[in-house]
Amino acid sequence: MEKFHIPKRSSWSYKTVRLPDEMIEKIQKRLMGTQTSFNAFIVGAVWFALDHLQEEND
């Protein structure tokens, strides 16, 4: 399986999403002590999911 990474992107748009409190707490605990922002983690996770969903549908 491909390794999860945080991508660097140059253009951004704003969109509000709602996440369960439990998920937010787990993410924040995992990121504690790293230089990865919450937003960068979410962006990386969504790209990872999209890439793998596409592979499954191909």
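These are my notebook entries on what I looked up in this predicted model.

**Ground rules**

I number residues from 1 along each chain as its sequence is written, and side-chain values rest on heavy atoms, with hydrogens and water left out. The model is predicted, with local features needing pLDDT of at least 70 and side-chain atom pairs counting only at pLDDT 80 or more, while totals for chains, interfaces and linings use all residues.

**Overall look**

I looked up the secondary structure and got two helices and zero strands. Helices (H or I, at least four residues) and strands (E, at least two) are DSSP runs, numbered from the N terminus. Helix α1 covers residues 21-31, and helix α2 covers residues 38-57.

Next I checked burial: 12% of the 58 residues count as buried. My scale is buried under 20% relative accessible area, exposed over 50%, and partly exposed in between (1.4 Å probe, protein chains only). The protein exposes about 5,700 Å², and carbon and sulfur atoms supply 54% of that. Accessible areas are from the Shrake-Rupley method with a 1.4 Å probe; for residues, only the protein chains shown count as cover.

**Salt bridge**

How many salt bridges does a search of the whole structure find? I got one. The rule is a side-chain nitrogen of Lys or Arg within 4 Å of a carboxyl oxygen of Asp or Glu. The partners are Lys 26 and Glu 22, at 3.7 Å, N to O. Lys 26 and Glu 22 are about one helical turn apart because they sit four residues from each other in helix α1. Lys 26 has a relative accessible area of 53%, so I log Lys 26 as exposed. Glu 22 goes down as exposed too, at 52%.

**Largest pocket**

I then pulled up the largest pocket, which holds about 490 Å³ of space. Of its 14 lining residues, the closest to the centre are Trp 12, Ser 13, Lys 15, Asn 39 and Val 43. For the record, the search runs on a 1 Å grid over the protein atoms alone: a cavity is a set of points where a 1.4 Å probe fits but cannot get out, a pocket is an open set with protein on both sides within 12 Å along at least five of seven lines, and lining residues have an atom within 4 Å of a point. Grid points are joined across faces, edges and corners, and the volume is the space filled by probe spheres set on the points.

The lining splits into eight nonpolar, four polar and two charged residues. Ala, Val, Leu, Ile, Met, Phe, Trp, Tyr, Cys and Pro count as nonpolar, Asp, Glu, Lys and Arg as charged, and the others, Gly among them, as polar.

**Nonpolar patch**

Which residues make the nonpolar surface patch of about 360 Å²? I noted Val 46, Trp 47, Leu 50 and Leu 53. Patches take residues with over 30% relative accessible area and no salt bridge; like charges are joined within 9 Å, nonpolar side chains (Val, Leu, Ile, Met, Phe, Trp, Tyr) within 5 Å. Val 46 is in helix α2 and is partly exposed at 43%. Trp 47 is in helix α2 as well, partly exposed at 37%.

**Pairs across the chain**

I finished with C-alpha to C-alpha distances. Trp 47 and His 5 are 42 residues apart along the chain and 9.3 Å apart in space. His 5 is in the segment before α1 and is partly exposed at 48%. I also have His 5 at 8.1 Å from Phe 48, with their positions 43 residues apart in sequence. Phe 4, in the segment before α1, is partly exposed at 32%. Phe 4 and Phe 41 are 37 residues apart in sequence, with 9.8 Å between them. Ile 24 in helix α1 is partly exposed at 25%, and its C-alpha is 8.8 Å from that of Phe 38, 14 residues away along the chain.
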